[in-house]
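Reader: I am new to protein models. Could you take me through this one, step by step?

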Amino acid sequence: MRKLPIIERSLALGDGTRVPYPMPSSAVASRIGKANRRSGTGPELRVRSALHRSGLRFRVDFQIEANGLKVKPDVVFTRRRVALFVDGCFWHCCQTHGTSPRANAAYWAPKLARNVERDRAVDSALGNAGWVVIRVWEHEPVPDVLQVVQAALDTAGGTTQ
């Protein structure tokens with residue numbers, strides 16, 4: 001009987017970098033990975049709820065095109081051109097709470113680094129297109145986030161939508 005060759009799978013990160021395809025380190029890790037959401041996370045919902053309670057109106061899942069990039073910030077104030085991102089500590093490499101997984105490190109290290117690079121490119125593209133970009137960490141107290149958003153909206157002028 002002939003042995004089939006082992007094919008190593010890889011993923012492209014979007015900037016041309018290829019990394020080994022991650023194999024789940026356990027059933028629990030697999031379940032956690034499948035449960036991750038792109039939007040509507042707990043921290044994002046807490047911020048959106050507080051913004052709405054304070055009388056602010058905004059768009060969710062609103063796509064912005066800026067300098068060739070298509071971006072969907074977590075919260076968008078369209079008339080004032082303010083975009084808010086609620087960044088997760090793990091996914092965006094928080095200096096305080098970010099961690100580096102030991103399992104599948106060859107996959108995770110470049111993946112997380114690419115996330116941070118993409119964040120900087122998005123910030124630059126939106127800023128060059130006249131948008132005010134606010135990035136907050138998921139662990140920041142919601143009242144502090146509200147103050148930052150309100151200050152940005154006051155500076156941006158216009159109406160609150």
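Reader: In which pattern do helices and strands follow each other along the sequence?
Author: This is a predicted model, in which local features need pLDDT of at least 70, side-chain atom pairs count only at pLDDT 80 or more, and totals for chains, interfaces and linings use all residues. Residues are numbered from 1 along each chain as its sequence is written, and side-chain values use heavy atoms, leaving out hydrogens and water. Helices (H or I, at least four residues) and strands (E, at least two) are DSSP runs, numbered from the N terminus. Read along the sequence, the pattern is β-β-α-α-β-β-β-β-α-β-α.

Reader: How many helices and strands does the secondary structure come to?
Author: Take each α in the pattern as a helix and each β as a strand. The secondary structure comes to four helices and seven strands.

Reader: Does helix H2 have the span expected of it, or what do its ends show?
Author: The expected span is 1.5 Å times one less than the number of residues. H2 covers residues 42–53, which is twelve residues, so 16 Å is expected. Its end C-alpha atoms agree with that, at 16 Å apart.

Reader: Where on H2 do the buried residues lie, and within what arc?
Author: Buried means under 20% relative accessible area, exposed over 50%, and partly exposed in between (1.4 Å probe, protein chains only). In H2, the buried residues are Pro43, Glu44, Val47, Arg48, Ala50 and Leu51. The arc is taken from the directions from the helix axis to the C-beta atoms. These residues line one face of H2, because they fall within an arc of 165°.

Reader: What covers the buried residues of H2?
Author: Look for contacts, meaning heavy atoms within 4.5 Å. The cover includes strand S5 (75–77), strand S6 (82–87) and helix H4 (142–156).

Reader: Which residues does Val145 contact, leaving aside its neighbours within four places in sequence?
Author: Val145 sits in helix H4. It is buried, with a relative accessible area of 1%. Its contacts are Val47, Val136 and Glu140.

Reader: How many aromatic pairs are there, and what is the geometry of Phe90 and Trp91?
Author: Rings of Phe, Tyr and Trp (its six-membered ring) pair if their centres lie within 6.5 Å; planes under 30 degrees apart count as stacked, over 60 as edge-to-face and the rest as tilted. A search of the whole structure finds five such pairs. Phe90 and Trp91 have centres 4.9 Å apart and planes at 80°, so the pair is edge-to-face.

Reader: Which residues do ring pairs link into a cluster?
Author: Phe90 is partly exposed at 22% relative accessible area, and Trp91 is partly exposed at 30%. Tyr107 and Trp108 are buried residues of helix H3. The linked cluster is Phe90, Trp91, Tyr107 and Trp108.

Reader: How many disulfides does the search find, and why is Cys93 in none?
Author: A disulfide is a covalent bond between the sulfur atoms of two cysteines. Here the cut-off is a pair of sulfur atoms within 2.5 Å. The sulfur of Cys93 is too far for a bond, because the closest cysteine sulfur, in Cys94, is 9.2 Å away. The number of disulfides found is zero.

Reader: How far from Cys94 is its nearest cysteine sulfur?
Author: Cys94 is buried, at 5% relative accessibility. It is in no disulfide. The nearest cysteine sulfur belongs to Cys89, and the distance is 3.8 Å.
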